Every structure is written in structure tokens, then in C-alpha cells.
2 protein chains.
Amino acid sequence: MKIIYLDHASACPLDQRVLAFGRKYLEDTFGNPSSLYSTGLEAKTAIESARQKVAGFINAEDEKSIIFTSGATESSNLAIRGTALRNMAKGQEIVASAIEHISVFNPMKELQKQGFKLTIIPVDHYGHIDLRELEKAVSPETIVTSVMYANNEIGTIQPIREISEIVHRKGIYFHVDACAAAGHIPIDVQSDGIDLLSLSSNALYGPQGVGALYIKPGVKIQTIMPGGGQERGLRSGTENIFGIAAMGEAARIAKEDMEKDRQNDLKIRDELIRGILKVEDSYLTGHPVERLPHHASFRFARIEGESILLSMDMFNIQIATGSACSSQTLEASRVLLAIGLKHEEAHGSMVITLGRQNREEEVAPTVEAVKNTVAKLRMLSPL
Amino acid sequence: MKIIYLDHASACPLDQRVLAFGRKYLEDTFGNPSSLYSTGLEAKTAIESARQKVAGFINAEDEKSIIFTSGATESSNLAIRGTALRNMAKGQEIVASAIEHISVFNPMKELQKQGFKLTIIPVDHYGHIDLRELEKAVSPETIVTSVMYANNEIGTIQPIREISEIVHRKGIYFHVDACAAAGHIPIDVQSDGIDLLSLSSNALYGPQGVGALYIKPGVKIQTIMPGGGQERGLRSGTENIFGIAAMGEAARIAKEDMEKDRQNDLKIRDELIRGILKVEDSYLTGHPVERLPHHASFRFARIEGESILLSMDMFNIQIATGSACSSQTLEASRVLLAIGLKHEEAHGSMVITLGRQNREEEVAPTVEAVKNTVAKLRMLSPL
């Protein structure tokens, strides 16, 4: 039986076009880009071409503003800890929304342990950041404010430009984790007013283990990985040529196919939402309109997310519950609590994130499996 | 004209067997290992199998002692900064040999900037660490001592067990950067007495962008990359399944083929050394016997390494000069100065590192090209 894969926020397959493009960097071009002979120069050229593609993907002013990393976690660590440590003379305050991804939240907690003041901005029940609270929280001592472009668990898209205006009025760096949003909605770091932007290759159907950080020219930042001084001294380590070249191509394709992908996603998503909300005591989480086109998230009263996931897996349908990256913990989702759900409500969540390979035919069996799952679990539930 | 590639310390091609093994993780198995459904579990299984292979490669007591990273630079950063920051209560001293790789040296310099006392242990003219100076340098306040297994620029192998005994007598962690040595000489972390060992996948003919750190059970260390808590909380970020699975297979093959590879290397290396030392005013650098089997390094009086490299490239022969990772800087090699060479002597260096694909037929054209290169450059030289 064919698997219906609906967890693209957690991991994406490598696009066959990306693999076809990147294959030569696995099979032939393996030089060290720091070497001066011809093989090294080929590797260097591949990396610079990828840099241009990623810069084009987010409309960066200059390809030099793109730094390749080992993934989104490292990108966000570099953005947050790299600016905080470099600008400590200015102050020791940092600000984040209450629904940041753990790869942003934990570097901030680490800085807090080191003495930084961390202010968490609440969100409303759709997951939109409270702009008045943000305005109050940022001070001349704040170094960096981090708000994700869109949330991976509830799909809500933030008013990035408005946030940027508030933050920039006080001369503070604005870091945006765009891992959940990139490839699904257009991102323009210049018109959005973004200083630092974290990207994941895999979320764009590129390989795992590679990511990028956009750093606006002029932003003061220091490395968190000292060594050979690659990537303008900001990210040491011999470059992952295949990974970087493939990420570049993935970004190029993601831009080119964005509208096509969006149309495919929207059709399927809206049908899924219609079908699933017919289940008794089911609710859409996140904003109904200002949400990612491939994202549908729900909660079901009186049942528990991990059981939903496992039951759906028995129907060969793969979905997520809570945050994809912390689904092995038993705590209620931080994000769902932040939008005001009670603990028992937050536990019954299901997250569907669509991808390029999903088709309308998959809607009916998915809705059917959800119905059966919820009915079965409620029968077993003590609540 | 076919290229003769003699710079394997800088970058290795991906072994076709490794690619054949890893291909399915690029093409099919792409799940997030943290997910609970079946695709996630497959990914998790692939990672755990790779962990066993890497543990077997260095005879680690337990596969849990292997942490996968984005490469050797991150491994050494984690080993050094992770132990230093975790054990600051004990003291704030760190110790390293004078010929450490820049990926070890720079994290140590970073700690020095933060207030740690860094002691550099000199080496003799073969590159062997001065054991008496080491003995004097380590104190009860020292947290970690770092000495590479063998040096990438001069090939010299350190007396790791003797160093370990000195370091452990004072209760200090012993970190070993094994990137240059791994795959070429047997490494046994238990009988060698190693607490932390950095490995690079690419040096084992695995993909770039992945590495591992061995951490002896009981060693107190903290993460330098907070986030989702992968790799026992020591290295956050969604796992690079292809990279990790392929690194595991590369380590398994490296162990299996080590003796065969060594025999091939030794034959070619000794012929190369014999041929090249016939050039007037040429010298072998590093130890003549206690050196890596695939490694031949030289210096030529009155000429300059970068010119050697570029001239050899015109003969389609790719070699290195100075450290592979800093060959774009114009400074004399730190390593060659440390073994007592004068600046002008240190500039005329050439490093050959052999690999699985090199054959005896390549010796004659290489020696010929070196002769021509040296003669031509000396004619042009003002010295």
C-alpha cells in the first residue's frame, strides 16, 4: 500500500531535479574550494553559483550576504548568538516571540543563562505576535529580535513588515527564521526589512545537512565556529560542495515553481480542511486565512496527538503532532499553549504539511483515516 | 590529459561503494529521525547503524560515544569549547601542540580571548611534541589538552599513548584530531587512551559536510549548538541522514581496506620520495619513518610553494603547499615554522597525499614535473 506523506515540515524528499543537478558534485567535482589548482576552482565556482541562486531566492542585495551553514539550527545559532556576542557593548537584551522554533528558542535560552535578558512576546489565539507588547519590549539595549516568518505548527504568517518597522525604529537587528515559510510564500529580505534570515535546504527539497543565513550588509556579527575561516570567516569548515550546490538549485526551483506548488497545495489543503472539520469537536489551529498554503493544523477534543500519529501511520498516512522536532517529548506543545489552549486541548493536535508530490486523490483516504482514527481513539479515551 | 590528483588531505573523492550504499538515503529514505512513524524510524535505524560502524572503526567502547556533526571543524569546536565551558569550575587552562590544525587552533584562540590560559607545546624538528614541556604545562587547572594524531602538513605521527599517560596522570581530558590519520593507520581510542577524537567523513572517502566526535563515556561536555536536542542533546539540528549513513559505510570500508590501501600508498610514496629527493636542495619535511603511509612532504630551497602548486597544475598534477585549509593566505606555514624552519625555508613547501586511486605509473610523470617545476622556478627566482 502506498504511503501518503503529509509531513513536509519535518522532512522533504530530495527533488529529483536537484539530485540530477547535484550528482556531479558527488561523483566528480570533489576539490577543496580553498585549493588554488583547477579542481579547487571548480568547487569554488559551484559554491558561488549556489550563493547567487539563494540570494536571488530571497532578493538579497548581494550574494555575499549569503553564508552557507550545516542547516537551519546552525543558521539561527549564528544569527542570534553571533550578533549578541558581537554587540554586547550595546546591551544584553534579546527578544523573541512565544512561538519560535526550538532551534531559535534554545540558543536564546543559552544566552539567557549567560546573563542576557530574554523577553518573550505573547501571541494572540491565531498565533500573531502582539505588536504593542513588542513595541514595549524592545529597548535601546536590545541587540536582536527574532520572529519566525510563519509557524511550523499552526501555519500562521506573521506581519513581518510591521514587526520590522517597530524593531528598526529602535535600531535593533531583526532575525527571521524562514524555514517553515520559504518556498511557500515569496520572501523579499529588502522590502520585508529583514537583517538576518535562516533558511533550510531540506525545506526547499534540497539535501539535509545544509542551510544558509542571510546577513544584511553592515550587520555586525561574529563567528560561532572558529577554524579555517571559510564563508568570510563566519563559518569555518571545508565546504559541503554537493550540499551547497544542491541547495542553490533547490532554491532556484522553489522560486520558479512557487506559484504552481501553491496552487496544488491550496486545492488539496482546502479540501482537507473542509473534510476534516466535519469530524465532531475538531478545530483548525492557527489563522484561517493568513496561513501557509501547504499547511493544515487541527486539534481534536478528548484525544491525544501521539496516538493520532500512530493510528494514522497504520493507515499508511504520515502526519505530525506538535512540533516536528520535539515529537518524542511528552510535554504539550509550547506553541499551542502560547495561543491560549489548555494543556488537554494542546495534546490533541495534528499537523499536515503538503508537498510537491501530494495529489487530490489523497484527500479522501486521509479524511477517512482521520475520521476512523478520531472515532476509535475517542472510544478508547478515558476523558 | 588525465589529472594526477595528489592532494587527498585536502579533499577525497566520494568512494563509489559509499555512494552506492548511501544512494537510497538521497532517493528514498528521507524521513525525520525524530518522527514516530515508519519513515522516521527507518531514518533512525540508518543513523544508529552508522554510529555502530564509526564506533567499530575506532574501537569505541559504546556506539553511544559517537556524536555526528557537520564535519571535523565542528567536532573539534565541540570537543574543545564544549569541555572547556562545561568544566570552567575546575580551572581555565587549555593546552595544545604547536602544530595543531587551524580547526583546533582557532577554537583554542577563541577561548584564550575569553580569558582561558592557552599553553602551546613546542615540537622538535620532526614535529614530535616535546613530552617534557607537556609534562610541565599541564596543571590541575588544565581542562583539555589537544594533540593531533598525525600532522596533515608533515605527516609525522605523534606518540599518542605516551601523551595520553602524561595528560591522564594529571586528570585532564585528552582530545585528538584524527582527521589526517584516520583511515591510514589503526586508531583504537581505548588502548590509545583518548577521551575525545575528531573525525572527518570526507577524509575517509565519505561525503563532505559530515563528521563525528568520539566522546568517552563519562567525559563532561556541553553543547555548542543548542536547539532541538538531537545527538543526545550535544548537537542539535535535523540529522543529515545521507551524510551520516554514508560516513558510517566509509568508516567500515576504511577499516576493511586499510592494509590494502597502506600497501598501495607505501609503494608509491617511497618511490616518489626517492625520485623527488634527487632534486638538488630538496628536503623531506616531517619524520622519515614515523609518518603517515600516504604522506610525502618536501621543501625546496629558493622557491615558493604557491608557484610550485600552480606550475604542477599546468602539468595536470594537483598537490598542496602549506596547510590545505589556509593555502590562500600568504603567511608562512605555522607548522613548518614550528619545526624550526626559517621563513624563507618554510615558503618552499610541497605536500603530496596519496589516495586509493593513485597508481605507480603516476610516479614518473610526477617526479618529472617536480624536476621541471623546480628548475624553472629557480631560474626565475631572485634569490
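**Exercises on a predicted two-chain model**

Across the interface of chain B and chain A in this predicted model, the count of salt bridges is zero.

**Exercise 1. The interface of the two chains**

Describe the interface between chain B and chain A by its contacts, its buried area and the make-up of the side that chain B contributes.

Solution. Begin with the contacts: 59 residues of chain B are in contact with 59 residues of chain A. Next, take the area, since the size of an interface is often given as the accessible area lost when the parts come together. Chain B and chain A bury about 4900 Å² between them, and carbon and sulfur atoms account for 53% of it. On the side of chain B, the residues that lose the most area to chain A are B:F30, B:L36 and B:Y37, which together make up 16% of what that side buries.

Then turn to polar pairing: although the count of salt bridges between the chains is zero, there are 16 residue pairs in polar contact, both residues being at pLDDT 80 or more. Among the elements of chain B that each supply at least two residues to the side touching chain A are α1 (16–27), α2 (38–57) and α8 (241–276). Sorted by class, that side of chain B has 24 nonpolar, 25 polar and ten charged residues.

**Exercise 2. The two domains of chain A**

Work out how domain 1 and domain 2 of chain A are laid out along the sequence, and what lies at the interface of these domains.

Solution. First set the bounds: domain 1 of chain A takes in 4–11 + 258–380, while domain 2 covers 16–253. The C-alpha centres of these domains of chain A lie 27 Å apart. For the contacts, 28 residues of domain 1 of chain A meet 33 residues of domain 2 of chain A, and the area buried between these domains is about 2600 Å², of which 58% comes from carbon and sulfur atoms. Of the area that domain 1 of chain A buries against domain 2, A:M258, A:R334 and A:R356 supply 26%, more than any other three residues.

Two of these three are arginines, yet the rule finds zero salt bridges across this interface of domain 1 and domain 2 of chain A. It does find eleven residue pairs in polar contact there, both residues at pLDDT 80 or more. On the domain 1 side, α8 (241–276), β10 (295–300) and α10 (334–338) of chain A each supply at least two residues, and α10(A) gives the most, with four residues.

**Exercise 3. The surroundings of A:H175**

Decide whether A:H175 is buried or exposed, and which side chains are joined to that of A:H175 by polar contacts.

Solution. Locate the residue first: A:H175 lies in strand β6 (residues 173–177) of chain A. Its relative accessibility is 0%, and because buried means under 20%, A:H175 counts as buried. Its side chain is joined to that of A:S146 by a polar contact of 2.7 Å and to that of A:S198 by one of 2.8 Å. Leaving out residues up to four places away in sequence, A:H175 also touches others, including A:I80, A:V104, A:V144 and A:L197.

**Exercise 4. Positive phi in two asparagines**

Where in chain A do A:N59 and A:N316 lie?

Solution. Most residues other than glycine have a negative phi. A:N59, however, has a positive phi of about 55°, and its place is in the loop between α2 (38–57) and β2 (66–69) of chain A. With a relative accessible area of 33%, A:N59 is partly exposed. A:N316 likewise has a positive phi, of about 65°, and is found in the loop between α9 (305–314) and β11 (317–318) of chain A.

Terms used:
Residues are numbered from 1 along each chain as its sequence is written. Chains are lettered from A and ligands numbered from 1 in the order in which they are written. This is a predicted model: local features need pLDDT of at least 70, side-chain atom pairs count only at pLDDT 80 or more; totals for chains, interfaces and linings use all residues. Side-chain values use heavy atoms; hydrogens and water are left out. Contact means heavy atoms within 4.5 Å. Buried area is the accessible area (1.4 Å probe) that two parts lose on being put together, summed over both. A salt bridge is a side-chain nitrogen of Lys or Arg within 4 Å of a carboxyl oxygen of Asp or Glu. A polar contact is a pair of N or O atoms within 3.5 Å; within protein, one must be able to donate a hydrogen and the other to accept it, and residues adjacent in sequence count only if both atoms are side-chain atoms. Ala, Val, Leu, Ile, Met, Phe, Trp, Tyr, Cys and Pro count as nonpolar, Asp, Glu, Lys and Arg as charged, and the others, Gly among them, as polar. Domain bounds come from an automatic or database domain assignment. Buried means under 20% relative accessible area, exposed over 50%, partly exposed in between (1.4 Å probe, protein chains only).
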